[in-house]
Amino acid sequence: MINGRVDSAVGKLLLVANFMFIVNGCFDDGENAKPCSLDSDCSSEQLCYDEFCTEGIRPAVLNQSPLPNATGVAVLEPITLDFNTSMDTELTESNLIITQGEEPAAGTIAWINGGERLVFTPENGWNYNSVSNVRLKVGAKSKRGYPLSVPVSFEFTTDIPRASI
């Protein structure tokens, strides 16, 4: 580059390719941004975001604990959600609903592994022999701004108290 000009053909090609990638993320025939309205309009490696096919990962929950419909869950067991990408922690937390019975569950949230693992620890443990529900709405987004692929919803039942002898 001389005085703000790119002189070589390779340099010009790289400059144009980088500009197009930064602006739109993916292209039809390498030149035009491919418009879309659904993910199915894009290739299998792309997703539809802001009306254009883009490279990126739509966030999803890969693992969760306790497992859906688990019974006999320890009253001190935390809830963990493992994501396939780093999440926007504020948006994810604001779209997370955890209830015990009909009441919101009190507790703390910690983020591990750069925002890829959410851990909710109940404030005073779970009540014995009760059903708790976990819901994560699609308003949760990755750090890159992509919304959760599908909402997550599951419940679990805690252990019954043990008789002491």
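This is a short talk on one sheet, one salt bridge and a few backbone oddities in a predicted model.

Okay, let's start with the sheet. Four strands make up an open sheet, and the order across is 3-5-9-8, with antiparallel pairing. Who's on the outside? The edges are strand 3, residues 61–65, and strand 8, residues 107–112. Each of those has a single partner strand, so one side of each goes without a neighbour in the sheet. As for the twist, from one strand to the next it averages 15°.

Let me zoom in on one pairing. Strands 3 and 5 run antiparallel, and four bridges join them. If you want a spot to look at on screen, find Gln-64, which stands opposite Leu-81 in strand 5.

Now, the salt bridge. How many does the structure hold? One. The partners are Asp-82 and Arg-117, whose side chains meet at 2.5 Å, N to O. What I like here is where the two sit: Asp-82 belongs to strand 5, residues 79–83, while Arg-117 belongs to strand 9, residues 117–122. They're 35 residues apart, so the pair links distant parts of the chain. The general idea is familiar: side chains of opposite charge can pair when their charged atoms come close.

So, is Asp-82 buried or exposed? Buried, because its relative accessible area is 14%, and the cut-off for that label is under 20%. Arg-117 comes out at 32% relative accessibility, so that one counts as partly exposed.

Right, on to the loops. As a reminder, most residues other than glycine have a negative phi, and most peptide bonds are trans. Here are some exceptions.

Coming out of strand 3, have a look at the peptide bond from Ser-65 to Pro-66: it's cis, with omega near 0°. Pro-66 lies in the loop that leads from strand 3 to strand 4, residues 70–73.

Then there are two asparagines with positive phi. Asn-113 has phi near 60°, and it isn't glycine, of course. You'll find Asn-113 in the loop between strand 8 and strand 9. Asn-113 is exposed, at 54% relative accessible area.

And the other asparagine? Asn-129 has a positive phi too, near 45°. Where does Asn-129 lie? In the loop between strand 9 and strand 10, with strand 10 covering residues 131–136.

To pull it together: we have an open sheet in the order 3-5-9-8, a salt bridge between Asp-82 and Arg-117, and a cis bond from Ser-65 to Pro-66. That's me done, thanks.

Terms used:
Residues numbered from 1 in each chain as written. Predicted model: local features only at pLDDT ≥ 70, side-chain atom pairs only at ≥ 80, totals over all residues. Heavy atoms only, no water. Salt bridge = Lys/Arg side-chain N within 4 Å of Asp/Glu carboxyl O. Buried < 20%, exposed > 50% of the residue type's maximum accessible area, 1.4 Å probe, protein only. Pairing = 2+ DSSP bridges. Axes fitted to C-alpha atoms, helices over the stretch in contact; angles between N-to-C directions.
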